[in-house]
Protein chains: 2
Amino acid sequence: MVNNIVSLNELINQFARLPGIGKKTAQRLAFSILEQPPERAKQFAEALINAREKIHFCKVCQCLTDLDVCSICSSEQRDKGVICVVEDPKDIMAFERTREFSGVYHVLHGVISPLDNVGPDDLKIKELMARLAGGEVREIIMATNPTVEGEATASYISRLVKPMGIKVTRLAYGVPVGADLQYADEYTLARALEGRNEI
Amino acid sequence: MVNNIVSLNELINQFARLPGIGKKTAQRLAFSILEQPPERAKQFAEALINAREKIHFCKVCQCLTDLDVCSICSSEQRDKGVICVVEDPKDIMAFERTREFSGVYHVLHGVISPLDNVGPDDLKIKELMARLAGGEVREIIMATNPTVEGEATASYISRLVKPMGIKVTRLAYGVPVGADLQYADEYTLARALEGRNEI
């Protein structure tokens with residue numbers, strides 16, 4: 001019987017611990033590993049260990065990298081005077097896709113959230129402050145998510161940074177491009193009205 | 001930047017090669033590995049290699065096992081005179097859940113499918129024939145899927161087995177328990193009519 005094979009159950013459990021993967025999917029994925037040549041499993045195992053060992057936070061911006069200082073922070077083309085502060089390394093990918101931002105980033109690795117027991121000291125705020133101490137930075141763009149926690153974190157950091165004479169900005173709120181206004185929520189629409197521009 | 005980390009991309013690609021896992025999900029899963037302690041990645045890697053190395057086909061029934069002969073084939077409680085022939089090891093789990101079958105199984109590992117270049121020699125049919133040669137088997141239950149290929153495979157095997165004087169049966173067709181008749185397809189309903197039983 002398949003149910004009592006210890007090593008298979010262990011593999012299923014490992015898959016099931018991944019986010020968004022349920023028991024049934026984990027089973028399907030584990031079986032797919034068994035159906036393929038042993039080298040596939042080996043490559044997968046190596047990729048797991050390799051990635052986890054080689055990738056760490058960039059010394060400067062705290063994003064993920066396999067270098068000492070990431071390719072953005074060490075690029076001559078990027079404007080070190082503007083720092084875009086984000087919650088998560090994945091947010092950087094979203095900004096890079098716009099091809100509109102030539103500054104550098106700083107990853108907080110979370111937001112202040114008292115309910116989840118996450119305070120300012122659990123985030124990479126000290127590291128941000130250390131970067132600002134150099135005096136090279138002209139502007140901080142707060143690009144935390146437009147949620148209650150994201151807002152709170154943005155205003156917490158702006159209160160720390162403003163006294164240093166550094167400009168602090170926040171992403172614009174408004175209606176998303178291509179959206180249908182009749183389905184826009186009232187908060188977004190109110191913010192879009194508030195922030196209206198002359199054409 | 002995250003996009004040019006070789007070891008991360010390799011991990012994302014490994015996840016994306018799993019069935020039903022797209023690029024976005026693969027990315028999410030890979031990041032979840034990076035967010036967890038290195039021991040987790042190591043455990044996962046070990047589970048992959050371990051499962052792939054230890055699990056192989058049962059010598060007798062060709063199902064998956066980490067033993068020489070699987071626990072069903074080596075059980076004293078199972079009736080070796082009745083073999084239920086299935087396409088896939090996962091089908092065994094479905095039958096075992098019914099707790100109604102006390103015979104043994106044989107896994108074909110596929111069905112005859114000329115379009116996919118799968119012929120009888122690509123399946124575990126030789127192994128089934130070898131089991132039948134012992135003379136102990138009274139009945140073969142063909143439990144391939146109720147698809148065109150499953151039917152073709154069932155009738156191919158039954159043509160081989162019948163001359164040996166062994167009874168060959170096929171799973172009953174009919175309406176599924178708990179189904180709503182108005183949504184039943186005409187083929188299933190026709191088979192259910194055909195196979196009606198007196199009450």
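Here is a walk through this predicted model, from its symmetry to its core and then out to a few single residues.

Let's begin with how the two chains relate. Chain B lands on chain A after a rotation of 179° with 0.0 Å of shift along the axis, and the RMSD of that superposition is 0.1 Å. The two copies are therefore related as by a two-fold rotation axis. Both copies use the same surface: 100% of the contact residues of chain B recur in chain A. If you want a landmark for the axis, look for Ala45(B), whose C-alpha sits 2.1 Å away and comes closest among the residues of chain B.

Now zoom out on one chain. Chain A splits into domain 1, covering 6-54, and domain 2, covering 64-198. Taken over C-alpha atoms, the centres of these two domains of chain A are 35 Å apart.

Next, the core. In soluble globular proteins, nonpolar side chains tend to be buried together. Here the largest nonpolar core has 44 residues, and Phe15(A) and Phe15(B) are the members that touch the most others. This core draws on both chains: α1 (6-16), α2 (23-35) and α3 (38-54) of chain A, along with α1 (6-16), α2 (23-35) and α3 (38-54) of chain B, each supply at least two of its residues.

Which residues does Phe15(B) contact, once its neighbours within four places in sequence are set aside? From chain A there are Leu18(A), Phe44(A) and Leu48(A). From chain B there are Ile21(B), Ala26(B), Leu29(B), Ala30(B), Ile33(B) and Phe44(B).

Several of those partners belong to α2(B), so that helix deserves a look of its own. The 13 residues of α2(B) reach 19 Å from first C-alpha to last, close to the 18 Å expected at 1.5 Å a residue. Buried in α2(B) are Ala26(B), Leu29(B), Ala30(B), Phe31(B), Ser32(B), Ile33(B) and Leu34(B). An α-helix has 3.6 residues a turn, so residues three or four places apart point the same way. The buried residues of α2(B) pack against α3, β2 (64-65) and α4 (89-98) of chain A, and also against α1 and α3 of chain B.

Away from the helices, two residues stand out for their backbone angles. Most residues other than glycine have a negative phi. Asn117(A), though, has a positive phi near 65°. You'll find Asn117(A) in the loop between β4 (103-107) and α5 (125-132) of chain A, and this residue is exposed, with a relative accessible area of 70%. Arg99(B) is not a glycine either, yet its phi is positive at about 55°. Arg99(B) lies in the loop between α4 (89-98) and β4 of chain B, and is exposed at 77% relative accessible area.

What about Ser113(B): buried or exposed? This serine is in the loop between β4 (103-107) and α5 (125-132) of chain B. Its relative accessible area is 5%, so Ser113(B) counts as buried. Apart from neighbours within four places in sequence, Ser113(B) is in contact with Val118(B) and Glu149(B).

Last stop, Arg196(B), in the segment after α7 (186-194) of chain B. Arg196(B) is exposed, with 63% relative accessible area, and its side chain reaches the backbone oxygen of Leu193(B) at 2.9 Å. From C-alpha to C-alpha, Arg196(B) is 26 Å from Arg159(B), and the two are 37 residues apart in sequence.

Conventions. Residues numbered from 1 in each chain as written. Chains lettered and ligands numbered in written order. Predicted model: local features only at pLDDT ≥ 70, side-chain atom pairs only at ≥ 80, totals over all residues. Heavy atoms only, no water. Core = buried A, V, L, I, M, F, W, Y, C linked by side-chain atoms within 4.5 Å. Buried < 20%, exposed > 50% of the residue type's maximum accessible area, 1.4 Å probe, protein only. Helix = DSSP H or I, 4+ residues; strand = E, 2+ residues; numbered from the N terminus. Contact = heavy atoms within 4.5 Å. Domains from an automatic or database assignment. Polar contact = N/O pair within 3.5 Å; in protein donor to acceptor, adjacent residues only side chain to side chain. Least-squares fit on C-alpha atoms with pLDDT ≥ 70 in both. Expected span 1.5 Å × (residues − 1).
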